[in-house]
Amino acid sequence: MRRIRLSEVKPIILKIGGSAITDKNGELAAKTEVINRLSEEIKRADLDNLIIVHGGGSFGHPSAKKYGIKEGYKDPSQKIGFAETHHVMTVLNGLVMDSLIWHEIPAVSLAPSCCIITENGRIKSFDMANIENMMKGGFTPVLYGDVVFDDKLGFTVLSGDQIVSYLAIRLGADKIVIGVDTDGLFDSDPKADPNAKPYKHLTLEQLKDIERKLSKAKENDVTGGMGGKIAELIPALEQGIPVTITGATKSLSIFRALTGQSVLGTEIEKA
């Protein structure tokens, strides 16, 4: 088996938004054509140092919201909600894994609920041994937003965005690529405002200045929508890890971002 020294190869972390691979207006509605095209682009990029994290979209968010999982344990009836939310996330993850492996990508799924514990919603402990061994062996770890056990709340929802930032900092990532359902960041919601203007390049300080202007989360997004994504990315940016946000629903955008080419989207750097 080909072995890679993590000290020599910095990982690239790809976050695939749930809004890009599911229909958030439906329920358990996967966009399999988008998932398959993304797998083709990931295969074409041919990276040995890739980590993939995907969101929940119409799989995880509805059940998590219905049972109030993010707020923590309050009632025994929530136990089935915790189990249901985790299960539907494994279903979506299975569809992603089917596509990746079909495209001959050596992807291995890792459930966050089995290796992460939070405290008041923030990652407290993360068993990194399996991820590090996967990376050394040339495998592609695949994680996702999940329900996890929490030392203060009992349990909660852990967003894929928090996982991305945590991994990027711990592993000294080369860059983060975020695939969403718009062409990067805009000064208002481009799906509701035809006059929304894109941000092509931002520094960390500029991002902090405009954070309050970003689109607010939709009702069915329990992890904070675009504003929540940006808040989670800021710690990684503060460590000098650049971020590219681009449209995962547009052909070749993810391939170009993964391979260091210019993309239609938003490039964010520390300075």
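This is a guided tour of a predicted model, with a selection to make at each stop and a note on what is there.

**Stop 1: helices α2 and α4**

Select residues 32-45, which form helix α2, and residues 78-102, which form helix α4. The two helices pack with their axes 9 Å apart, at an angle of about 45 degrees. Angles under 35 degrees would count as roughly parallel and those from 65 to 115 as roughly perpendicular, so α2 and α4 are oblique to each other. The crossing of α2 over α4 is right-handed.

Now show the side chains where the helices meet. On the α2 side, select I35, N36, S39 and I42; on the α4 side, select L95, V96, S99 and L100. By type, the residues of this contact are five nonpolar and three polar, with no charged residue. The spacing of such positions can be read from helix geometry: an α-helix has 3.6 residues a turn, so residues three or four places apart point the same way.

Stay on α2 and select R37, which also lies in this helix. Is R37 buried or exposed? R37 has a relative accessibility of 16% and the limit for buried is under 20%, so R37 counts as buried. To see its surroundings, add A248, T249, K250, S251 and L252, which R37 contacts when neighbours within four places in sequence are left aside.

**Stop 2: helix α3 and the loop after it**

Select residues 57-66, helix α3. How many of its 10 residues are buried? Seven are, and the helix is mostly covered. The buried residues are G57, S58, F59, G60, H61, S63 and A64. Display α1 (18-21), α4 and β8 as well, since the buried residues of α3 pack against them.

Move past the end of α3 to G68, whose phi is positive, near 60 degrees. Then select G72, in the loop between α3 and α4. G72 counts as buried because its relative accessibility is 0%. Leaving out residues up to four places away in sequence, G72 touches Q78, L153 and F155. For a distance check, draw a line from the C-alpha of G72 to that of G26: the two are 25 Å apart in space and 46 residues apart in sequence.

**Stop 3: the aromatic pairs**

How many aromatic pairs does a search of the whole structure find? The search finds four. Begin with F82 and F155, whose rings form a tilted pair, 5.3 Å centre to centre with 45 degrees between the planes. F82 is in helix α4 and F155 is in strand β8 (residues 154-158), so this pair ties together parts that are 73 residues apart in sequence. Both rings belong to buried residues: F82 has a relative accessibility of 12%, and F155 has a relative accessible area of 5%.

The next pair to select is F126 and Y166, which is stacked, with 5.4 Å between the centres and 15 degrees between the planes. This pair links distant parts of the chain, 40 residues apart, with F126 in strand β5 (residues 122-126) and Y166 in helix α6. F126 is buried, with a relative accessible area of 7%.

To finish with the rings, select Y73, F82, F149 and F155 together; ring pairs link these residues into a cluster.

**Stop 4: from strand β5 to helix α6**

Return to strand β5 and select K124. K124 is partly exposed, with a relative accessible area of 48%. Which residues does K124 touch beyond those up to four places away in sequence? They are I117, T118, E119 and D151. Of these contacts, D151 is 27 residues from K124 in sequence, and their C-alpha atoms are 8.6 Å apart.

Last, select helix α6, residues 160-171, and pick out Q162 within it. Q162 is buried, with a relative accessible area of 6%. Add G121, R122, I123 and E232 to the display: Q162 touches these residues, not counting those up to four places away in sequence.

Terms used. Residues numbered from 1 in each chain as written. Predicted model: local features only at pLDDT ≥ 70, side-chain atom pairs only at ≥ 80, totals over all residues. Heavy atoms only, no water. Axes fitted to C-alpha atoms, helices over the stretch in contact; angles between N-to-C directions. Helix = DSSP H or I, 4+ residues; strand = E, 2+ residues; numbered from the N terminus. Parallel < 35°, antiparallel > 145°, perpendicular 65-115°, else oblique. Left-handed = near helix turned anticlockwise from the far one by under 90°. Contact = heavy atoms within 4.5 Å. Nonpolar A, V, L, I, M, F, W, Y, C, P; charged D, E, K, R; others polar. Buried < 20%, exposed > 50% of the residue type's maximum accessible area, 1.4 Å probe, protein only. Phe/Tyr/Trp six-rings, centres within 6.5 Å; stacked < 30°, edge-to-face > 60°.
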